[in-house]
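Student: Hey, got a minute to walk through a model with me? I'd like to get a feel for it before I set anything up.
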Amino acid sequence: MSNFLLGVMIAVSILIIIAVMMQPSKQNSAASAFTGGADQLFGKQKARGFEAVMQKATAVLGVVWVLLALVLAYLSSK
């Protein structure tokens, strides 16, 4: 059982890496490197289309990864 869950966790880890790498860049100019993107942090810009899908996919995969880590930790303690 734990070997199967470990394999699933590795697959989810690879999917998280792919999802993060596919997200579009948020940098608009060289000035945003100095400001740290603070203007976008407090702005009310909602993600739309592909960007929204990738953000949701990354969040879901992150939650699944954490749950798998907790289950594997529980199984290894027995």
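Student: Let's start with T58: which helix is it found in?
Tutor: T58 sits in helix 4. Keep in mind that we're looking at a predicted model.
Student: Is T58 buried or exposed?
Tutor: T58 is buried, because its relative accessibility is 18% and the cut-off for buried is under 20%.
Student: And what is T58 in contact with, leaving aside neighbours within four places in sequence?
Tutor: A19, V20 and Q23.
Student: OK, other residue. Where is L75 found?
Tutor: L75 is in helix 4 as well, which covers residues 50-77.
Student: Buried or exposed, that L75?
Tutor: In between: L75 is partly exposed, since its relative accessible area is 32%.
Student: What does L75 touch outside its four-place sequence neighbourhood?
Tutor: M1 and L5 are its contacts there. On top of that, the C-alpha atoms of L75 and S2 are 7.0 Å apart, although 73 residues separate the two in sequence.
Student: What share of the contacts in the chain join residues at least 24 apart?
Tutor: It's 92%, counting contacts between residues at least 6 apart in sequence.
Student: Zooming out, how many helices and strands are there?
Tutor: Four helices and zero strands. Buried residues account for 17% of the 78 residues in the chain.
Student: Does UniProt say anything about a region, and where would that be?
Tutor: An unreviewed UniProt entry puts a "transmembrane region" at residues 57-75. In the model, that stretch is 100% helix, with its end C-alpha atoms 27 Å apart.
Student: Switching to the surface: which residues form the nonpolar patch?
Tutor: L6, I10, I14, L15, I18, M22 and F50, with about 650 Å² of accessible area together. Helix 1, residues 2-22, gives the largest share, with six residues.
Student: Take L6 from that patch. How accessible is L6?
Tutor: L6 is at 41% relative accessibility, so it counts as partly exposed.
Student: And how much area does the whole chain expose?
Tutor: About 6,300 Å², of which carbon and sulfur atoms supply 70%.
Student: Last one: which elements have the lowest and highest mean pLDDT?
Tutor: Helix 3, residues 38-41, has the lowest at 56, and helix 1 has the highest at 95. For the chain, the mean is 83, with 73% of residues reaching 70 or more. Where pLDDT is low, don't read the predicted coordinates in detail.

Technical notes. Residues are numbered from 1 along each chain as its sequence is written. This is a predicted model: local features need pLDDT of at least 70, side-chain atom pairs count only at pLDDT 80 or more; totals for chains, interfaces and linings use all residues. Side-chain values use heavy atoms; hydrogens and water are left out. UniProt positions are given in the numbering used here, feature names are shortened, and annotations may be inferred rather than shown by experiment. Helices (H or I, at least four residues) and strands (E, at least two) are DSSP runs, numbered from the N terminus. Buried means under 20% relative accessible area, exposed over 50%, partly exposed in between (1.4 Å probe, protein chains only). Contact means heavy atoms within 4.5 Å. Patches are made of residues with over 30% relative accessible area and no salt bridge: like charges are joined within 9 Å, nonpolar side chains (Val, Leu, Ile, Met, Phe, Trp, Tyr) within 5 Å. Accessible areas come from the Shrake-Rupley method with a 1.4 Å probe; for residues, only the protein chains shown count as cover. A salt bridge is a side-chain nitrogen of Lys or Arg within 4 Å of a carboxyl oxygen of Asp or Glu. pLDDT is the predictor's confidence in each residue, from 0 to 100.
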